[in-house]
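Student: I should like to understand the terms used for this structure. Could we go through them in turn?

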Amino acid sequence: MYRYDQFDRDFVKARVAQFRDQVERRVSGELSEDNFKPIRLQNGVYLQLHAYMLRVAIPYGTLNSTQMRMLAHIARKYDRGYGHFTTRQNIQYNWPALSDIPDILDDLASVEMHAIQTSGNCIRNVTADHFAGASGDEVADPRPYAEILRQWSTVHPECLFLPRKFKIAVIGSPKDRAAMQFHDIGLEVRRNDDGELGLRVYVGGGMGRTPMIGKMIRDFLPEADMLAYCEAILRVYNTYGRRDNKYKARIKILVHETGLDELKKDVEAEFERIRGGVLDLPQEDRDDIAAYFAEPDFEQLPAQSEAFEKAIAGDKGFARWAAQNVHAHKRDGYGIVTIAVKGTGEAPGDATDAQMEVMADLGERYSFDELRISHEQNVILPHVKLDDLPAIYATLVEAKLAASNAGLITDMIACPGLDYCALATARSIPVAQDISKRFADLDRQKEIGELKLKISGCINACGHHHAGNIGILGLDRRGVENYQITLGGSGDETAAVGEIIGPGFGAEQIGDAVETLVETYLGLRLTDDETFLQAYRRVGAAPFKASLYPPSHPKKQEAA
Amino acid sequence: MSDLKQPMIFTANRLLDGEAVWLGANGRWVENPDTAIVSHTKEELEATRIAAERGDRENHVVEPYEMAVTVENGIAVPATNRERIRAAGPTIRLDLGKQAKQPLAA
């Protein structure tokens, strides 16, 4: 993985010293909150309901065990013993004191981490496929591209005061595991007909109050031109993006209002003007960065593992976990493990300091010292020997991290919601906990099969509800929490925005409503293999609507 | 004296640690809305606002704002779900926030 050079180290250290000084000046009164707020935001510091919140960047979700241990240390020393892994592959701490944050940033810098640009109207932490470098379906590892983008976008003077925040995701395979098309810029590494590597470029995707799927602006962009093209997009956005209305300021609105053809004309013109200049990426530079992401020293192993097969035959719990949470690796004898941070009744994405330590140990011992955070709020061990899976599972069971639900209904995304967030209009986590308990029976979950359920506590959609096969949006309706359901959303390569199904449900009813949707699906699917999303796409909303709002149902009358 | 539609109090977050606080007597920021100064009239609200803004100006607190309460047995209780959660702590972690400092009900 990427290691800081002297420039990175000096830069991050200087930035921490600068922020320490800014905090001191804020506390002394030299800086007002109006002056300080944009500064703290660009250093990842929010003010939430109960306390400050610090969002720490985990670039493209990749970290080593030393870094994971530092995250545990921060949770223990400065916070309340836990952290929250987010949909941008970051971690958030909910309780730090402002006066401690410079020390936290110093500790982070000691392991090559920071919180720069995890908030504010700038280019945020670049995300990537969490199976990068491990999955067999990969054309190329997306992380070198993400790292190059990270370096380019960090304190880029043209990108620090954008009309609004800006999110980029990179994937390296046709299978989209990063909700790439829901980003301001989405990049898919691919080969052209001549076998050359390049990028398919999408622009104008996003969630929030106006969800949109990104539009393809370039089918194939040579690798060397990646930065020039992205800069051209950013320049057009900076020039024409709306600054008069924050709800219309994202690039998706510009793309929508301008039209892709016209926007593309401007982007291509700017690109032609700047390509081949300082932003050109020569092969040598690309190779230098790619070298940081070189394959680990894999052993030549047989495809089958006797120890693994024996454990499957002898331990039903292990067999279930392995079937659900271990994914095919590109190398024989290896697997990719999803540690679902989604225990029954737990808050999705919340891990204690002790659990982080356990995951760090597992990464160090069994996965070439590498871990990943997925946008689905799980932790990944990307390269583990099949032989080692029984020992890993035993450790995870002990640490209450062995939920065997990856990709199933209880592997939900949920934002912090009104339990923590100053923007939220309703709670998300209690809804997730209720659904988690209702569907705790693994046999039932397996019978239901793949189902992406995502919950947001407000219209900003941090819980990705628009991309949920079942999406739940928590709203405040005259002082009462109300949950609106969307169906048919998807964050994969068949990206789709979910459709609102009808009037919302109260906190007491939303769990029953999800049960009704699931039962309806089970009753109409053609085969056991037809997923919820496939079935929904085949039959549409009508049968689900009919089940949720039967003629006698008060919601039906309300809708009439 | 024009009455407010609902009694109001002022709240903010403490600058140093971000803790939710409410404006109490003598311009002091207190950790519980129970002891906040309640305004029933526009005049009282404006007078309290001046004290709240002083807290902001003097860098004790951040971004003070007014919030509605109901008065139950003489005690101010936040009127909205959001402010009730803010005054107590996360509903999913009763061991955290201000609620953790209170003795649990029998």
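Tutor: We shall take the core, a helix, a sheet and the contact between chains. This is a predicted model, in which local features need pLDDT of at least 70, side-chain atom pairs count only at pLDDT 80 or more, and totals for chains, interfaces and linings use all residues. Residues are numbered from 1 along each chain as its sequence is written, while chains are lettered from A and ligands numbered from 1 in the order in which they are written.

Student: Which residues of the largest nonpolar core touch the most other members?

Tutor: They are A:I233 and B:I9, in a core of 188 residues. Such a core is a set of buried Ala, Val, Leu, Ile, Met, Phe, Trp, Tyr and Cys residues joined through C-beta atoms within 7 Å.

Student: What makes residues of helix α7 (residues 251–258) of chain A buried?

Tutor: A residue is buried if 20 or more other C-beta atoms, placed from the backbone, lie within 10 Å of its own. A:I251, A:K252, A:I253, A:L254 and A:V255 are buried, and therefore meet that cut-off.

Student: Why do β1 (45–47) and β13 (350–352) of chain A stand at the edges of the sheet?

Tutor: The open sheet has the order β1-β2-β5-β4-β13 (chain A), with antiparallel pairing. Each of β1(A) and β13(A) has a single partner strand, so one side of each is left without a neighbour in the sheet.

Student: How do you know that β4 (residues 82–85) of chain A pairs with β13(A)?

Tutor: Pairing requires that DSSP finds at least two bridges between two strands. Three bridges join β4(A) to β13(A), so the two strands pair.

Student: How many residues does the contact take from each chain?

Tutor: Chain A gives 22 residues and chain B gives 21 residues.

Note on methods: Buried ≥ 20, exposed ≤ 12 C-beta atoms within 10 Å, placed from the backbone. Contact = placed C-beta atoms within 7 Å. Helix = DSSP H or I, 4+ residues; strand = E, 2+ residues; numbered from the N terminus.
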